[in-house]
Amino acid sequence: MNPDELEQFRDQIRLWTLKALNHLGFGHYGGSLSIVEALAVLYGKVLEPEGNDRFILSKGHGGPALYATLAIKGYFDHELLYTLNQNGTKLPSHPDRNLTPGVEMTTGSLGQGISVATGVALSNKLEKVDAHTYTIVGDGELNEGQCWEAIQFAAHHKLHNLFVLVDDNKKQLDGLTKNICDPLDFVEKFNAFGFHALRVDGSSLKQIENAIKNGKEQQDKPVAIILDTIKGQGVSYLEQKADNHHIRPTEEDKKAIKEAIEVLEAKWPIEGVNV
């Protein structure tokens with residue numbers, strides 16, 4: 001994708017994420033919206049449909065954004081997004097590889113996705129498969145000790161084919177991450193664990209793309225890209241909402257979200273899709 005196409009892809013992911021959650025009437029708005037740019041770069045510039053690269057969404061509660069991405073990429077019809085988290089759906093609240101086309105792993109139990117991603121990267125290295133494994137973890141998810149076991153394991157085995165993208169949106173279910181379990185400096189921590197780590201603007205498509213591109217030059221270390229994001233990213237009203245992890249929208253919320261949807265729809269009219 002060229003830069004204009006990538007921007008459109010990003011906005012379409014955000015639009016369909018909002019539409020799916022709005023149709024459901026509740027859900028993980030905050031942490032889904034904060035990974036939109038990362039998903040746009042991964043699926044728009046990095047992952048080859050016929051290649052061996054793999055993506056695992058370790059922070060499974062961001063599933064609505066992944067579903068929107070997969071629908072746009074043609075894994076299933078957009079209309080399926082309106083069945084999000086409903087009885088009999090193929091799109092449960094958290095991703096399920098047995099239900100959803102394009103989902104590599106069932107996630108939601110925090111810490112498990114990054115562990116499996118590490119195992120996939122190790123397998124590819126041992127089998128000399130030319131591929132990279134990418135995973136997105138949450139800053140709150142990194143409270144889990146299991147994550148750091150996987151991180152230490154990856155560094156020990158010099159898994160240069162593993163990319164860990166940290167959605168550092170600074171909030172988790174119960175409040176500010178720093179108040180619940182202060183993570184300190186993620187770049188320093190990952191470097192201390194043996195990674196090549198750097199921080200980028202998580203709302204910048206170009207910075208994320210460049211970080212991945214430069215990370216591929218590492219020959220003996222896994223890569224950690226700390227995404228400086230905002231919970232509810234891309235929707236100013238939701239960015240400023242205090243409790244925006246899981247939302248049951250009030251009438252005021254619904255009005256603001258509807259306006260955000262209308263802005264995106266006006267910017268990128270969707271042809272041939274019943275919206």
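Helices here are DSSP runs of H or I with at least four residues, numbered from the N terminus. By that numbering, Phe190 lies in helix 8. The model is predicted.

**Exercise 1. Confidence**

Task: Find the mean pLDDT of the protein chain, and say which stretch falls below 50.

Solution.
- Step 1. Start with the whole chain. Its mean pLDDT is 94, and 97% of its residues reach 70 or more.
- Step 2. Look for the weak stretch. Over residues 271-275 the pLDDT is below 50. Beyond near neighbours in sequence, this stretch still has nine contacts in the model.
- Step 3. Decide how to read it. Where pLDDT is low, predicted coordinates should not be read in detail.

**Exercise 2. The surroundings of Phe190**

Task: Is Phe190 buried or exposed, and which residues does it contact?

Solution.
- Step 1. Apply the cut-off. Buried means under 20% relative accessible area. Phe190 has 0%, so it is buried.
- Step 2. List contacts, leaving aside neighbours within four places in sequence. Phe190 touches Leu142, Trp148, Ile151, Val164, Val166, Phe195, Ala197, Ala224 and Ile226.
- Step 3. Take one of these, Leu142. Phe190 and Leu142 are 48 residues apart in sequence, and their C-alpha atoms are 11 Å apart in space.

**Exercise 3. An aromatic pair**

Task: Classify the ring pair Trp148 and Phe193, and say where each residue sits.

Solution.
- Step 1. Recall what describes a pair: the distance of the centres and the angle of the planes.
- Step 2. Read both values. The centres of the Trp148 and Phe193 rings are 5.0 Å apart, and the planes meet at 50°.
- Step 3. Classify. Planes under 30 degrees apart count as stacked, and over 60 as edge-to-face. The angle of 50° fits neither, so the pair is tilted.
- Step 4. Place the partners. Trp148 is in helix 6 (residues 145-156), and Phe193 is in the loop between helix 8 and strand 6 (196-201). They are 45 residues apart, so the pair links distant parts of the chain.
- Step 5. Check exposure. Trp148 is buried at 12% relative accessibility. Phe193 is partly exposed, at 29%.
- Step 6. Widen the view. Trp148, Phe190, Phe193 and Phe195 form one aromatic cluster.

**Exercise 4. The sheet**

Task: In what order do the five strands of the open sheet stand, and which stand at the edges?

Solution.
- Step 1. Read the order: 1-2-3-7-6, with parallel pairing.
- Step 2. Find the edges. Strand 1 (54-57) and strand 6 each have a single partner strand, so one side of each lacks a neighbour in the sheet.
- Step 3. Add the twist. It averages 20° from one strand to the next.
- Step 4. Inspect one pairing. Strand 2 (residues 133-138) and strand 3 are joined by six bridges. Thr133 stands opposite Leu162 in strand 3.
- Step 5. Add a helix. Helix 9 (residues 205-215) packs on the sheet and touches strand 2, strand 3, strand 6 and strand 7 (223-228). Its direction makes about 165° with that of strand 6.

**Exercise 5. Positive phi**

Task: Where do Lys170 and Leu184 lie, and how exposed is each?

Solution.
- Step 1. Recall the background. Most residues other than glycine have a negative phi.
- Step 2. Take Lys170. Its phi is positive, near 70°. Lys170 lies in the loop between strand 3 (162-168) and strand 4 (171-172). At 34% relative accessible area, Lys170 is partly exposed.
- Step 3. Take Leu184. Its phi is also positive, near 60°. Leu184 lies in the loop between helix 7 (177-181) and helix 8 (186-192). At 67%, Leu184 is exposed.

Technical notes:
Residues numbered from 1 in each chain as written. Predicted model: local features only at pLDDT ≥ 70, side-chain atom pairs only at ≥ 80, totals over all residues. Heavy atoms only, no water. Helix = DSSP H or I, 4+ residues; strand = E, 2+ residues; numbered from the N terminus. Buried < 20%, exposed > 50% of the residue type's maximum accessible area, 1.4 Å probe, protein only. Phe/Tyr/Trp six-rings, centres within 6.5 Å; stacked < 30°, edge-to-face > 60°. Pairing = 2+ DSSP bridges. Axes fitted to C-alpha atoms, helices over the stretch in contact; angles between N-to-C directions. Contact = heavy atoms within 4.5 Å. pLDDT = per-residue confidence, 0-100.
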